[in-house]
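Me: I'm new to this protein and would like a close look at just one part of it. Please take me through its second largest pocket, and show me where the pieces around it lead.

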Amino acid sequence: MARERTPIPNIDIGKEYDSRYAAAEVSYERFGKLAEFFGRNMPVHRHDRFFQVHYLDSGQIRLYLEEQQYIADAPLFFLTPPTVPHAFITEEDADGHVLTVRQELVWQLLAGLPRHETEARLMTPFCVELGKVPPQLQREAERLPQLFTLLGEEYMAEGEGRDAALHGITQLLLVSLLRLSSEAGSNQHFRREDLHIYHRFNALIEQHYREHWALWRYAEQIGVTEARLNDICRRLADLPSKRLVHDRLLQEAKRLLIFSASSINEIAYHLGFKDPAYFSRFFLRDTRHSPSDYRAANRQGE
């Protein structure tokens with residue numbers, strides 16, 4: 001029987017996270033803020049029509065770019081071209097910067113470089129640990145966090161000539177990434193079957209997390225034992241399978257508390273909790289904030 005294929009979700013951060021991203025050619029956010037919203041475990045996903053660059057200045061990451069895995073230590077950066085499936089897990093101390101650029105602008109900014117060579121390099125995802133670059137690229141590696149800091153300051157300032165400045169800094173960043181891309185670090189491969197099981201599990205979580213499936217049901221649907229599923233999650237994500245399910249529920253709860261007008265009781269029922277009080281305890285245990293306190297502290301535009 002043919003193996004079921006699950007569509008890889010496209011995350012449009014202009015709709016899912018912040019409406020400022022919707023029409024922007026260049027967008028910036030601190031990695032920690034995105035991790036607070038989406039969770040430290042980002043299941044496999046893609047971004048259509050956008051390049052994305054993550055720069056981490058602290059922490060470790062387990063990163064999946066298509067069928068390759070990297071276990072890398074900051075400082076590091078990784079590039080994901082449009083439509084390329086990727087997933088990652090970071091520890092609580094991981095922070096840095098995230099740059100999102102519309103693909104049309106990337107080619108405009110790099111129009112002066114050889115198109116064929118540039119496309120070939122930028123359309124291939126890669127990860128670079130800056131502590132491992134050769135001496136001749138050390139200055140380039142040192143400049144990268146300075147450029148990201150400058151990008152963040154310009155993005156938040158809303159000053160005169162902001163778009164032109166953002167384009168200029170983005171151009172510098174892209175050139176720097178190209179210079180460093182030849183030093184993409186060695187990756188660690190896991191069995192393709194294990195990667196498929198891990199991604200399939202995350203896809204099933206996306207479909208059924210509101211139904212509060214027991215772990216044995218996820219394992220049964222995938223065709224493995226519950227113990228093997230948990231072992232794969234611990235090896236690939238360094239997290240138990242139960243934690244991955246809880247993290248997805250928590251991510252959706254945060255999104256609804258910030259962006260919806262639904263009451264906390266309505267959110268609890270929408271997420272499959274039969275008892276709103278239990279939902280509040282679940283949320284408090286994982287965030288150390290009650291749902292109402294979290295909503296009050298994070299409501300945008302209020």
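Reply: Helices (H or I, at least four residues) and strands (E, at least two) are DSSP runs, numbered from the N terminus. This is a predicted model, in which local features need pLDDT of at least 70 and side-chain atom pairs count only at pLDDT 80 or more, while totals for chains, interfaces and linings use all residues. Residues are numbered from 1 along each chain as its sequence is written, and side-chain values use heavy atoms, without hydrogens or water.

A pocket is an open set of points on a 1 Å grid over the protein atoms alone, where a 1.4 Å probe fits, with protein on both sides within 12 Å along at least five of seven lines; lining residues have an atom within 4 Å of a point. The second largest pocket has 21 of them, and nearest its centre are Gly 39, Arg 40, Glu 92, Asp 247 and Leu 250. At least two lining residues come from each of helix 2 (31-38), strand 7 (86-90), helix 10 and helix 12 (276-287). Helix 10 supplies the largest share, with 5 residues.

Let's follow strand 7 out of the pocket. An open sheet of 4 strands runs in the order 2-7-4-5, with antiparallel pairing (strands pair if DSSP finds at least two bridges between them). Strand 2 (41-45) and strand 5 (68-73) are its edges, each pairing on one side only. Strand 7 shares 5 bridges with strand 4, in the antiparallel sense, and there Thr 90 of strand 7 stands opposite Ile 61. Strand 4 (residues 60-65) also pairs with strand 5, again antiparallel, over 6 bridges. Those include Tyr 64 with Gln 69 as its partner, and Leu 65 faces Gln 68. Strands 4 and 5 make a hairpin with 2 residues between them, and Glu 66 in the turn has a positive phi of about 55°. As for strand 4, 5 of its 6 residues are buried, meaning under 20% relative accessible area (1.4 Å probe, protein chains only; over 50% is exposed, in between partly exposed).

Now back to helix 10 (residues 241-259). The largest nonpolar core holds 59 residues, and Phe 201, Tyr 218, Leu 229 and Leu 271 touch the most other members. Helix 10 gives the most to this core, namely 8 residues. Such a core is a set of buried Ala, Val, Leu, Ile, Met, Phe, Trp, Tyr and Cys residues joined through side-chain atoms within 4.5 Å.

Leu 271 is worth a stop here. Leu 271 sits in the loop between helix 11 (264-270) and helix 12, and helix 12 is one of the elements lining our pocket. Why does Leu 271 count as buried? Because its relative accessible area is 0%. Leaving aside residues up to four places away in sequence, Leu 271 touches Tyr 209, Arg 210, His 212, Leu 249, Glu 252, Ala 253, Leu 256 and Phe 279. Thr 149, by contrast, is 122 residues from Leu 271 in sequence and 38 Å from it in space, C-alpha to C-alpha.

That leaves the other sheet. Its 5 strands form an open sheet in the order 1-8-3-6-9, with antiparallel pairing. Strand 1 (26-30) and strand 9 (126-129) each have a single partner strand, so one side of each lacks a neighbour in the sheet. Between strand 6 (residues 76-80) and strand 9 there are 4 bridges, and Phe 78 stands opposite Cys 127 of strand 9.

Key
Contact means heavy atoms within 4.5 Å.
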